[in-house]
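User: I'd like a close look at one part of this model, the way a short helix sits among its neighbours. Could you walk me through that, then move out to the cores and a couple of residues elsewhere?

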Amino acid sequence: MPLQGVCWFLCCRQGFSLLGREYGEKEEEESLELRNKEDLTPNGRSPAEVTVSQPTLTANGTNGHTVSEVSEMKSLIIGKNTMGLEDEPELLVKGWLLRDVRGNWIKQRRYWFALSQDSLDYYSGPEKGARRLGTLVLTSLCSVIWPDKQTYNETGHWSITVYGRKHCYRLYSKHFNEAVHWACAIQKIIDTKAPVETPTQLLIRDIEENKFNPEVVEHIYQHNPILKYTQGPLYAPLLAFPYGSLEHTYHSGKGYGSVREEAVKLFNCLQQLESAREPVPIIQGVLQTCLDLRPLRDEIYCQLVKQNSYTPAPYTAAHLRYWQLLTCMSCTFRPGPIVLKYLRFHLKSEALEKTKCRECVPSWEEIQMLMSRQEMLCTVHYPGPLSCQLYISSHTTANEVVRMMQEKLGLQESKNTFSLYEQNALWEQPVAGGALIADILTSLSTKESESNSKWKLCFKLYCLLDADSISVDSIEYLFLYEQCHEMVVRGQLPACDEDLQALASLRLQCLMGDFSTHAPCPPLDELFPGHLLEAQVVMSLSAPRAMPPCPVAGQDCPTAQLFPTGLLAGTLWSHTAVAAHKQKVEQDMRLRSRLKEEAAAVMGSILERWKGLAGYSCRDSMAAYLTIARQWSGFGCTLYEVDFYISSTGSFSQKLWLGVAATSVSLYRQGEAEALESFPYGQICSYGVSDSNTFKITAGDRDLLFETTKLTEIMQLMNAYFSAIRRQRGKDADITTTESTEVGFHRLASTHAHTLLPSHPV
């Protein structure tokens, strides 16, 4: 009986396959909406053409672009419907392939495929007169997805996918070379096709050609509703987008469909703006989609221009929403050249000249300011508990804010340069000079919500070119003092304990004045490098204590002899783990206890020194503080932690400091005052980023490689110092004269870090 059932199943399957080949569903792919003669209306156009494209007449009152294109593709389809396999034009590739079939219990069927210069067709078989079962017309908008290993692992076949306007052919072959051959041939045909343009694109071209003839432009708008406001839905994008699935080309993890589908959805979002009580979330959603899907930016500009043209109620709140979104778009994304001309014609404004592509979607506050046509307030902090509020726009860059701060603080004549920094309690990073402040503020707000820490924008010294010329009475002296103290607290100023305690006492005198038992004293970690204190305590406790031997594990233990080891294994492991955990808890308690003792002792010594500073003014304390700090030969440099260093001479080391100063680059062991090596800028031939985490300096005949996470920051600072050197020498050329010793602005330009200059005029 089981054998009869198997035979019956195989016979039925074969029968269904024959019926499927004979009466298979016929699928034909057309370029626009035309299928055959019976589908045409009396006026010669397909009804679907009007619903998708709407009437698209040119300036002379005809829609010649669309009709000619439709006629060409219509003749192609109708002509091919009457052909059999023997009547085909020259075939480029032909053969058996499997194809997915929807709506049937058999998932894949075997068809004979033939690729011609115009289409991909499949038949019931290779014999002459075989019935054509489907056609996919190939245009420039079609796309091909090549074979991938994942599909092969899942199905046992190599798959290629061909996307057309309405249909998608998923084809399978057992042989990888055959699948690649088909994919190459189809892609080659697609590449030879002329670009397809939508009616909107053709009309935009007509408007550009006739922009100085108002009557012709008015005629174009009046006779082409696709260019004007509509309350109905949009069934197809205004611009041409390739057919295909989004997962192979764009962000697949964010739930997007194809670009064409997202374009239609965005138009629906635009229409929802008219009645939305709170428009900002919709605006942010549209901007986020455009940020993720770059091709949609021009599409949204065209949709907004459409909805702002010939509006029936131009002075209502609903109409205002379109202008508000257009304003936000103009401040966030720069359109392509063709759409930019069309938008300029619509706006007749120069605002777009300043637009740069944004890295973040505008914040809620920025959108509110744009909607109300106001400028934003930006708070910039500078050394000491001081801050300044500036008015900025969506186009304001970091360099512009630096110049505004220099003017407000009277630092225009300073020989040193300044920068903006993103900063929190534990971390800071310079801001690139060309960065948009609106983007920086948005990113800081996002970081605050993610990390629950306070972030701020700070204005600080960047390149210390001439510390001796800074007047004690100037605000620049306060900058130097505060940034020097930050280095001390971070442990980046090599000094002995006595000097560090003296610096802490001078800091107290500067902040609090003369010693008083009633004065609130700041915590020790704001005066003294805390990690240095912890390292000293750990060193004193580094000798490990030997654990007493476990009697259970001994060979003479009677328990171990009476019971098999398997029965006691869990107990022994548990006993060892508990003992190790108990030892760790005891060590942590001893460490905390010793830290408290050492901190109290250090704080007591600092307070005693503070008492001896009675009568010192704030300026005197600052001057004495900087006098001690200047004893270090590397004073004024910026230190970067280097995980690994190797030289072409064979020397290497780990955990160093790379100090970048006004005249040289130096290497220090962490905590040591004397430099291991120093390389004046005159000896440096080139520098740059050699790979993702390696910085390379060539000095003379030596190559120095540094492994660090601060590649961009090091590159920015060295660029800034070399720029300052060129300005001082009055030269605009490179420092060296021969190509072999050219400073590595170009020669080692392997990343974009070379173009990210810090926030100061260069």
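Analyst: Here is a walk from one helix out to its surroundings.

Keep in mind that this is a predicted model. Let's start with α13, the helix that covers residues 364-371. Which of its residues are buried? They are Glu-366, Ile-367, Leu-370 and Met-371. Looking down the axis of α13, you'd find these buried residues within an arc of 135 degrees, so they line one face of the helix.

What covers that face? The cover for the buried residues of α13 includes α9 (280-292), α11, β9 (376-382) and α15 (437-451).

Two of those covering elements, α9 and α11, also pack against each other. In general, a pair of packed helices is described by the angle between the axes and the distance between them. For α9 and α11 the angle is about 35 degrees, and the axes are 11 Å apart. Their crossing is right-handed. On the α9 side, the contact is made by Ile-283, Val-286, Leu-287 and Cys-290, while α11 brings Leu-325, Cys-328 and Met-329. In terms of chemistry, this contact has seven nonpolar residues, with no polar and no charged ones. As a general point, nonpolar side chains in soluble globular proteins tend to be buried together.

That takes us to the cores. The largest nonpolar core has 66 residues, and the ones touching the most other members are Val-380, Met-405, Leu-420, Leu-457 and Phe-459. Helix α16 (residues 475-489) gives the most to this core, with eight residues. Take Leu-457: beyond its neighbours within four places in sequence, its contacts include Cys-378, Val-380, Leu-420, Val-431, Ile-437, Ile-440 and Leu-444. Thr-379, His-381 and Tyr-421 are also in contact with Leu-457. There is a second, separate core of 47 residues, with Leu-270, Ile-300, Cys-302 and Val-361 among them.

Now for the residues elsewhere. Tyr-310 sits in the loop between α10 (296-307) and α11 (317-330). Most residues other than glycine have a negative phi, but the phi of Tyr-310 is positive, near 55 degrees. Is Tyr-310 buried or exposed? Neither quite fits: Tyr-310 is partly exposed, because its relative accessible area is 38%, and the cut-offs are under 20% for buried and over 50% for exposed.

Arg-592 is in helix α20 (residues 565-611). With a relative accessible area of 49%, Arg-592 is partly exposed too. Arg-592 and Glu-534 are 58 residues apart in sequence, yet their C-alpha atoms are 9.4 Å apart in space.

Definitions and conventions
Residues numbered from 1 in each chain as written. Predicted model: local features only at pLDDT ≥ 70, side-chain atom pairs only at ≥ 80, totals over all residues. Heavy atoms only, no water. Helix = DSSP H or I, 4+ residues; strand = E, 2+ residues; numbered from the N terminus. Buried < 20%, exposed > 50% of the residue type's maximum accessible area, 1.4 Å probe, protein only. Arc of directions from axis to C-beta. Contact = heavy atoms within 4.5 Å. Axes fitted to C-alpha atoms, helices over the stretch in contact; angles between N-to-C directions. Left-handed = near helix turned anticlockwise from the far one by under 90°. Nonpolar A, V, L, I, M, F, W, Y, C, P; charged D, E, K, R; others polar. Core = buried A, V, L, I, M, F, W, Y, C linked by side-chain atoms within 4.5 Å.
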